[in-house]
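Biologist: I am new to this structure and would like a close look at one part of it, namely how its side chains meet one another. Could you take me through that slowly, and then show me how the helices and strands around those contacts are placed?

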Amino acid sequence: MKRSIVVFSSAAGENRCPTAGYNSSSVAGASGIRPAPNISEITRNIVHYNEMQLVYNEDIYGPMQNDTVIIVIQVHTRITYLRHLIVSLAQVREISTALLVFSHDFYDDEINELVQSVDFCKVMQIFYPYSIQTHPHEFPGEDPNDCPRDIKKEQAMIRKCNNALYPDLYGHYREAKFTQTKHHWWWKANRVFNQLEITRNHIGMVVFLEEDHYVAEDFLHVLKLMEKTSKDMCEKCNVLSLGTYLKTYNYYGDSKKVEITPWISSKHNMGMAFNRSTWRDIMKCAEYFCKYDDYNWDWSLQHISQTCLPHKLHAMVVRGPRVFHIGECGVHHKKNNCASTAVISKVQQVLKVASRHLYPSYLTLTFTTNNKKHKLRKGNGGWGDHRDRMLCIEVTRATRYLSYPLQTTNLSRPVE
């Protein structure tokens with residue numbers, strides 16, 4: 001039975017993020033030109049709130065337990081998708097026991113108000129401090145003296161642009177908008193597992209979602225069932241995957257089915273969850289993640305699974321997805337119509353039809369018999385710049401909060 005719940009409260013508390021003079025939907029007149037953001041004020045707010053580590057609604061829902069489910073949501077600027085995700089989370093049974101951590105790489109008044117109005121569980125915001133927004137004309141943003149993407153290395157050497165020595169394996173130079181997603185993912189994982197006071201003793205599951213995801217109402221129920229089943233019946237399962245990219249769904253037959261399979265980045269990266277034990281193994285392979293010439297965080301995880309981890313990533317994957325991708329437009333996809341309405345309607349219809357098959361009492365396991373050896377693959381490039389690699393490694397080494405503002409001189413040493 002769905003809970004009747006108020007998704008957004010009307011007032012934000014006095015300790016909530018102050019406005020920084022910038023709003024993603026604001027424009028200056030008919031020209032459509034946004035007002036210049038107040039970078040220094042945004043930076044101060046980011047530093048302040050990352051240091052404060054405020055947990056909203058803790059007075060209502062009580063302190064976090066060591067096995068509390070943490071749901072980490074990577075947020076950029078797509079507020080329409082984010083609204084849909086929050087509405088879906090509000091309908092999840094037992095959501096009041098979870099902690100939502102919204103991880104932002106763009107500081108925006110309207111997005112902050114939306115997040116801080118969530119009143120159905122504990123909420124925390126963390127802000128990626130090395131974003132393009134706060135570094136628009138210097139690394140990790142685009143420095144005016146950085147090499148253009150398609151310039152030849154010989155020409156770059158003559159021009160003496162900053163990163164002339166470091167094209168990627170396809171001969172292209174870095175593009176900040178593509179490198180940011182991997183940087184942000186790695187930073188937020190390090191932040192949640194290694195740096196937040198509230199997670200210091202946490203041993204439960206951490207679920208990774210993105211702003212353009214949508215969840216089923218038995219999302220937490222199935223997650224906990226998967227966690228118990230993996231402990232009892234699948235010792236090698238170290239990743240739980242609650243989403244799939246299937247085009248058709250059969251909840252009548254698949255609602256309680258899970259598949260045990262080697263983790264594949266392009267198939268099992270949506271709604272993935274793991275605990276501190278898995279994270280420790282990943283951390284030991286941090287340099288493999290940071291040095292791999294691929295701007296995708298999931299392909300980089302695949303790389304360390306194949307080349308570094310003593311126990312490869314093995315996933316327990318739901319056949320009937322509990323996490324859906326609703327994004328029509330993003331880093332890789334540009335369409336004329338970016339409205340989320342059609343996809344949302346389809347997902348809602350799928351879940352309506354599936355409603356009587358949700359909340360399984362047990363799971364049945366299928367072990368894939370894939371003897372095919374996956375060959376090591378070249379990366380997708382976009383991550384050849386030694387500054388990206390050094391920043392990634394420095395984030396890994398940080399114990400509580402990497403020094404701010406970013407000292408780019410510290411990143412000048414090449415990574416072997």
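Modeller: What follows goes from ring pairs to charged pairs, and then to one helix and one strand.

Please keep in mind throughout that this is a predicted model. In the aromatic side chains, the count comes to 14 aromatic pairs. One of these is formed by Tyr107 and Phe127, whose rings are tilted, with 5.2 Å from centre to centre and 35 degrees between the planes. The angle is called tilted because planes under 30 degrees apart would count as stacked and those over 60 as edge-to-face. Tyr107 lies in the loop between strand 3 (99–104) and helix 4 (109–116), while Phe127 belongs to strand 4 (residues 122–127), so this pair ties together parts that are 20 residues apart in sequence. Tyr107 and Phe127 are both buried.

A second pair, that of Phe178 and Tyr295, is also tilted, with centres 5.7 Å apart and 55 degrees between the planes. Phe178 sits in helix 6 (residues 176–195) and Tyr295 in the loop between helix 11 (286–291) and helix 12 (297–307), so here the parts tied together are 117 residues apart in sequence. Phe178 and Tyr295 are, again, both buried.

Rings can also be joined in a group, and in this model ring pairs link Trp185, Trp186, Phe193, Phe208, Phe274, Trp279, Phe289 and Trp297 into a cluster. Phe289, a member of that cluster, has a charged neighbour as well, for the charged end of Lys182 sits over its ring at 5.0 Å from the centre. A similar arrangement is found where Arg93 lies over the face of Tyr359, at 3.8 Å from the ring centre.

From rings we can turn to charges. Side chains of opposite charge can pair when their charged atoms come close. The structure holds 16 salt bridges, and among them is the one in which the side chains of Glu197 and Arg200 meet, at 2.7 Å from N to O. Of these two partners, Glu197 is partly exposed, with a relative accessible area of 47%, whereas Arg200, at 53% relative accessibility, counts as exposed.

Two further salt bridges can be followed along helix 7 (residues 219–233). Glu227 and Lys231 both lie in this helix, four residues apart, which is about one turn of the helix, and their side chains meet at 3.7 Å, N to O. The surroundings of the two ends are unlike in burial: Glu227 is buried, with a relative accessible area of 19%, but Lys231 counts as exposed at 64%. Asp232 and Lys228 are likewise both in helix 7, with a spacing of four residues, or about one turn, and the salt bridge between their side chains has an N to O distance of 2.9 Å. Here Asp232 counts as exposed at 54% relative accessibility, and Lys228 counts as exposed at 51%. Elsewhere, Arg78, Glu211 and Asp212 are linked in a network of salt bridges.

Let us now return to helix 4, which follows the loop that holds Tyr107. At the start of helix 4, a side-chain oxygen of Asp108 reaches to within 3.1 Å of the backbone nitrogen of Glu110. The helix is mostly covered, since six of its eight residues are buried, and these are Asp109, Ile111, Asn112, Leu114, Val115 and Gln116. What do these buried residues pack against? They pack against strand 1 (55–56), strand 2 (70–75), helix 3 (79–90), strand 3 and strand 4, and strand 4 is where Phe127, the ring partner of Tyr107, lies.

Strand 2 then leads on to strand 5 (residues 206–210), for strand 2 and strand 5 pair in the parallel sense over five bridges. Within this pairing, Val72 stands opposite Phe208 in strand 5, and Phe208 is one of the rings in the cluster described above. Strand 5 is also joined by three bridges to strand 9 (residues 272–274), and these two strands run antiparallel, with Val207 standing opposite Ala273 in strand 9. Is strand 5, then, enclosed or open to its surroundings? Four of the five residues of strand 5 are buried, so the strand is largely enclosed by the rest of the structure.

Technical notes:
Residues numbered from 1 in each chain as written. Predicted model: local features only at pLDDT ≥ 70, side-chain atom pairs only at ≥ 80, totals over all residues. Heavy atoms only, no water. Phe/Tyr/Trp six-rings, centres within 6.5 Å; stacked < 30°, edge-to-face > 60°. Buried < 20%, exposed > 50% of the residue type's maximum accessible area, 1.4 Å probe, protein only. Lys NZ or Arg CZ within 6 Å of the ring centre and 35° of its normal. Salt bridge = Lys/Arg side-chain N within 4 Å of Asp/Glu carboxyl O. Contact = heavy atoms within 4.5 Å. Polar contact = N/O pair within 3.5 Å; in protein donor to acceptor, adjacent residues only side chain to side chain. Pairing = 2+ DSSP bridges.
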